[in-house]
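Q: Hi, could you walk me through a protein model, slowly enough for a first-year student?

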Amino acid sequence: MFFTTIATQLAEHLPELRPLISKAIDDHSDINQRRLRDQWKILIYDPLENAPMQSKQIVVVIDALDECEGKDDMKLILQLLVEAKNLQKIQLRVFVTSRPETPILLGFRKMLGETHQDFVLHDIPPPTVNHDISVFFQQKLSVVKEEHGLSTPWPDEPTIQLLVERAAGLFIYAATTYRFIRDGMDPEYQLSVILSGEYTSASPTGNLDNIYTNLLQYSVIGDRPPCKHEALLQDFRQIVGSIVIISDVMTIQNLAHLLGLPRGKVGTVLASLRSVLNIPEIESQPVRIFHPSFRDFLLDKQRCSDHGFWINERERHIDLFRHCLELMSKRLRQDICDIREPGVLITEISKDMVQSVITADLRYACRYWVYHFQQGNSVEEDSRILQFLRQHLLHWLEVLTLAGEVSEGVLMIASLERILKVGSGLCFSKSL
């Protein structure tokens, strides 16, 4: 989706490129399944090179390149973008933000010096960063003060400086702190909760980890009786843990369907976590994590010091795999769209019909159950998989075909065959 997304935006913003990009899609109807290199050349580079315009400069902003799937893809994307310097008619400038992941650093090192300029945020003088964070706190908290009608000088300058010190140059600390204070009923109390947490300078992420621990303890456990703590933590680990490792964003309703939980229960668990999760007001919009550092924190047992909140990644993958299999077993059937015409072409089937029957939760289960099985790495699930495939193999492939992802199904079957042969000594094909 990387280069296809950029191509779509170029066509929307530059009318001169629309005919060229449209023709490229007409000539290569399978472009969405082509390699990244082909997508770059056909959808972006060639249209820009042949565009009927002169001396135009275009800026493409790529935010969080490190969140792309696949280390090789990150390096390849950077290599392909470098080719933009050869364009004659259009000057293409690319602004990339990323955490300093190794594949991305290696990708930049392979570029010639004049091709790119680096700006490392960690190299900004600390006084400059602290000043910016201080301005952020002053501006945002003054709005909170006005909204709640607080008349006292709040927060005072020493408190602002204490918050800046605890941020230790991490803007995500400041943003998380602000959201936690803003979303509470009593901002003064919310601020006291933040200030009561531990403070450390021993680790670069120590203060961030402490605030995550503090707000989770407050938001999930709070003043609830000890007899309910374990149940609350189990719900947190299942629901938030699924959001943390899931391979695509989902709405609350679709997530509830996938996990086999009441929608109200999922919504209740997430409602108190708005400081770390982006929970939209519109139900059709997906839930997202505000910052990857929260995911990193929950999955790292060393950083997540309160192990009640620690997400065991392998267990979560196994749990999601089982829920995917259970959902598919309930919903999959022959001719799932009730077309009743075996010879009909896929292009003749209404997309609205397909989407109404193959909902986002079912599509997710069909697309990613093998991935979760691989990541869970549990050979104990072999018999469950074989039973599912004996009953629903063709039904599953039918859904993938309708969703335009049948090629992924072929790759998943090949992966399953390798895994099951190694794990159980069974011959996958003969077992089916």
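What follows is a chat about the chain as a whole, its helix packing, its cores and a few single residues.

Q: What kind of model is this?
A: This is a predicted model, and the values we talk about here are computed from it.

Q: OK, how many helices and strands does the chain have?
A: The secondary structure of the chain comes to 20 helices and 4 strands, and its C-alpha atoms fill a box of roughly 75 × 65 × 40 Å when that box is taken along the principal axes.

Q: And what share of the residues is buried?
A: Of the 432 residues of the chain, 43% count as buried. If you look at contacts in the chain with a separation of 6 or more, 70% of them come from residues 24 or more positions apart.

Q: Let's do helix packing. How do people describe two packed helices?
A: Two packed helices are described by the angle between their axes and by the distance between those axes.

Q: Then what are the angle and distance for α6 and α8?
A: Helix α6, residues 126-148, packs against helix α8, residues 171-182, at an angle of about 5°, with the axes 11 Å apart. Angles under 35 degrees count as roughly parallel, and therefore α6 and α8 are roughly parallel to each other.

Q: Which residues make that contact?
A: From α6 the contact uses I133, F136, F137, K140, L141, V144 and H148, while α8 supplies F171, A174, A175, T177, Y178, I181 and R182. Sorted by class, the contact of α6 with α8 has 10 nonpolar, 2 polar and 2 charged residues.

Q: What about α15 and α17, at what angle do they cross?
A: The axes of α15, residues 313-331, and α17, residues 360-376, cross at roughly 140° and come within 8 Å. That angle makes α15 oblique to α17, and the crossing in which α15 passes α17 is left-handed.

Q: Which residues are involved there?
A: On the α15 side the contact is made by R314, H317, I318, L320, F321, C324, L325, L327, M328 and R331, and on the α17 side by D361, L362, Y364, A365, C366, W369, Y371, H372, F373, Q375 and G376. The residues of this contact of α15 with α17 divide into 14 nonpolar, 4 polar and 3 charged.

Q: Switching to cores: how many residues are in the largest nonpolar core?
A: The largest nonpolar core has 88 residues, and those with the most contacts inside it are L216, L270, F294, M328, W369 and W396. As background, nonpolar side chains tend to be buried together in soluble globular proteins.

Q: What does F294 touch?
A: Leaving aside neighbours within four places in sequence, F294 is in contact with Y212, L216, V240, V276, L277 and I289. There is also a second, separate core of 37 residues, which includes A7, A51, I58 and I104.

Q: Now a single residue: is Q238 buried or exposed?
A: Q238, found in helix α11, residues 229-245, has 16% relative accessibility and so counts as buried. Not counting residues up to four places away in sequence, Q238 touches L259, L261, R316, D319 and H323.

Q: And where is E165?
A: E165 is found in helix α7, and at 44% relative accessibility it counts as partly exposed. Beyond residues up to four places away in sequence, E165 touches Y199 and N207, and the C-alpha atoms of E165 and N130, which are 35 residues apart along the chain, are separated by 7.8 Å.

Q: Where does Y199 sit, then?
A: Y199 is in the loop between α9 and α10, and with a relative accessible area of 37% it is partly exposed. Apart from residues up to four places away in sequence, Y199 touches E165, R166, N207 and N210.

Q: Last topic, backbone oddities. Which residues does a cis peptide bond join?
A: Most residues other than glycine have a negative phi, and most peptide bonds are trans. Here a cis peptide bond joins W154 and P155, with omega about -15°, and P155 lies in the loop between α6 and α7.

Q: What about phi, which residue has a positive value of about 50°?
A: A168 has a positive phi of about 50° although it is not a glycine, and A168 lies in the loop between α7 and α8. D335, in the loop between α15 and α16, also has a positive phi, near 50°.

Terms used. Residues numbered from 1 in each chain as written. Predicted model: local features only at pLDDT ≥ 70, side-chain atom pairs only at ≥ 80, totals over all residues. Heavy atoms only, no water. Axes fitted to C-alpha atoms, helices over the stretch in contact; angles between N-to-C directions. Helix = DSSP H or I, 4+ residues; strand = E, 2+ residues; numbered from the N terminus. Parallel < 35°, antiparallel > 145°, perpendicular 65-115°, else oblique. Left-handed = near helix turned anticlockwise from the far one by under 90°. Contact = heavy atoms within 4.5 Å. Nonpolar A, V, L, I, M, F, W, Y, C, P; charged D, E, K, R; others polar. Core = buried A, V, L, I, M, F, W, Y, C linked by side-chain atoms within 4.5 Å. Buried < 20%, exposed > 50% of the residue type's maximum accessible area, 1.4 Å probe, protein only.
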